[in-house]
Amino acid sequence: MAYVVGVTGGIGSGKTTVANLFAEKGIEVIDADVIARQVVEPGSEGLKAISEKFGASMLNDDGTLNRGALRGHVFSHPEDKEWLNGLLHPKIRQEMITQTAQAKSPYCLLVIPLLVENGLQSLCQRVLVVDVSEATQVTRTTQRDLVPEEQVKNILAAQATRQQRLEAADDVIFNENDSKPLSEQIETLHHQYLALAAQ
Ligand code: ATP
């Protein structure tokens with residue numbers, strides 16, 4: 001079974017940037033956001049259940065999920081949001097287990113933005129937190145997504161705090177502008193994970 005390093009961090013902390021650097025070393029990266037889309041792709045049980053429960057208005061003309069319509073519906077119907085989470089969370093969790101078990105690299109990364117919020121520590125042997133200040137999260141995300149600061153701050157407020165994430169961390173990558181270069185931090189961790197995975 002593959003040795004799984006769970007990677008987490010708040011919005012705009014640098015999870016994707018960090019995961020790409022591990023991928024350059026041949027490490028397989030499994031991304032919870034990608035899986036969350038796979039479980040509702042056309043032909044999936046997930047999409048079938050959604051369209052049966054809420055009707056065809058949840059589908060685009062090409063048969064894909066109309067995310068905006070679904071988001072709008074569950075926003076105003078909290079009980080349906082619970083139903084939806086009950087449907088999708090077990091499928092996402094199962095798919096994470098399946099894909100990490102199939103990984104061929106000596107260890108793999110499982111990137112889960114809401115790892116701490118959703119208590120998914122049991123899916124990995126080790127938790128790696130990408131840590132930055134809230135100010136940096138806001139600056140980088142507004143620049144990347146061209147969205148107002150307020151919007152990023154609202155998302156930040158709904159996520160785990162920096163402290164909560166750090167408490168769950170086995171390892172931390174510091175990703176401020178003046179931190180040690182990411183490449184050096186990752187090189188050290190890569191060797192540590194190769195050794196742990198070989199045990
Ligand atoms: P999200 O959860 O919102 O998808 P993320 O945690 O995957 O974000 P990234 O997309 O990797 O974060 O990084 C956020 C932005 O910050 C990107 O535009 C990225 O290029 C930039 N960034 C990441 N790390 C650094 C760094 N060390 N220096 C400068 N910019 C950085």
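**A five-stranded parallel sheet and two internal cavities**

In this predicted model, five strands make up an open sheet with parallel pairing, running in the order E2-E3-E1-E4-E5. Strand E2 (28–31) and strand E5 (171–174) sit at the edges, each of them pairing on one side only. Going from one strand to the next, the twist averages 25°.

Now for the individual pairings. E1 and E3 run parallel and are joined by five bridges, with valine 4 standing opposite cysteine 108 in E3. On to E4: here E1 pairs in the parallel sense over four bridges, and threonine 8 stands opposite valine 129 in E4. E4 is in turn linked to E5 by four bridges, again with the two strands running parallel. In that pairing, valine 129 has valine 172 in E5 opposite it.

Two helices that pack on this sheet are worth a look. Helix H1 (residues 15–23) touches strand E1 (3–8), E2, strand E3 (107–111), E4 and E5, and its direction makes about 165° with that of E3. Helix H5 (residues 78–101) also packs on the sheet, but its listed contacts are E1, E2 and E3. The direction of H5 makes about 155° with that of E3.

Back to E1 itself. Six of its six residues are buried, so E1 is largely enclosed by the rest of the structure. Its residues point two ways: Tyr3, Val5 and Val7 go one way, while Val4, Gly6 and Thr8 go the other, and all are buried. Threonine 8, then, is both a buried residue of E1 and the one standing opposite valine 129 in E4.

What about empty space inside the model? Rolling a probe the size of a water molecule over the atoms shows where such space is left. The count comes to two cavities of 30 Å³ or more. The largest cavity has a volume of about 60 Å³. Its lining is made up of Gly10, Ser13, Val129, Val130, Asp131, Val132, Gln137, Arg162, Arg165 and Leu166. By class, that lining splits into four nonpolar, three polar and three charged residues. Strand E4 (126–131) and helix H8 (162–168) each supply at least two of the lining residues. Valine 129 turns up here too: it belongs to this lining and stands opposite valine 172 in E5.

The second largest cavity holds about 40 Å³ of space. Gly10, Glu134, Gln137, Leu156, Gln159, Ala160, Arg162 and Arg165 line it. Helix H6 (134–145) and H8 are the elements that give two or more residues to this lining. Sorted by class, the residues here are two nonpolar, three polar and three charged. Some residues serve both cavities: Gly10, Gln137, Arg162 and Arg165 appear in the lining of the largest cavity as well as in that of the second largest.

One last spot lies in the loop between E3 and E4, where glycine 119 is found. Glycine 119 has a relative accessible area of 43%, so it counts as partly exposed. In sequence, glycine 119 and alanine 168 are 49 residues apart, yet in space they are 9.7 Å apart, C-alpha to C-alpha.

Key
Residues are numbered from 1 along each chain as its sequence is written. This is a predicted model: local features need pLDDT of at least 70, side-chain atom pairs count only at pLDDT 80 or more; totals for chains, interfaces and linings use all residues. Side-chain values use heavy atoms; hydrogens and water are left out. On a 1 Å grid over the protein atoms alone, a cavity is a set of points where a 1.4 Å probe fits but cannot get out, and a pocket is an open set with protein on both sides within 12 Å along at least five of seven lines; lining residues have an atom within 4 Å of a point. Grid points are joined across faces, edges and corners, and a volume is the space filled by probe spheres set on the points. Ala, Val, Leu, Ile, Met, Phe, Trp, Tyr, Cys and Pro count as nonpolar, Asp, Glu, Lys and Arg as charged, and the others, Gly among them, as polar. Two strands pair if DSSP finds at least two bridges between them. Axes are lines fitted to C-alpha atoms, for helices over the stretch in contact, and angles run from 0 to 180 degrees between N-to-C directions. Contact means heavy atoms within 4.5 Å. Buried means under 20% relative accessible area, exposed over 50%, partly exposed in between (1.4 Å probe, protein chains only).
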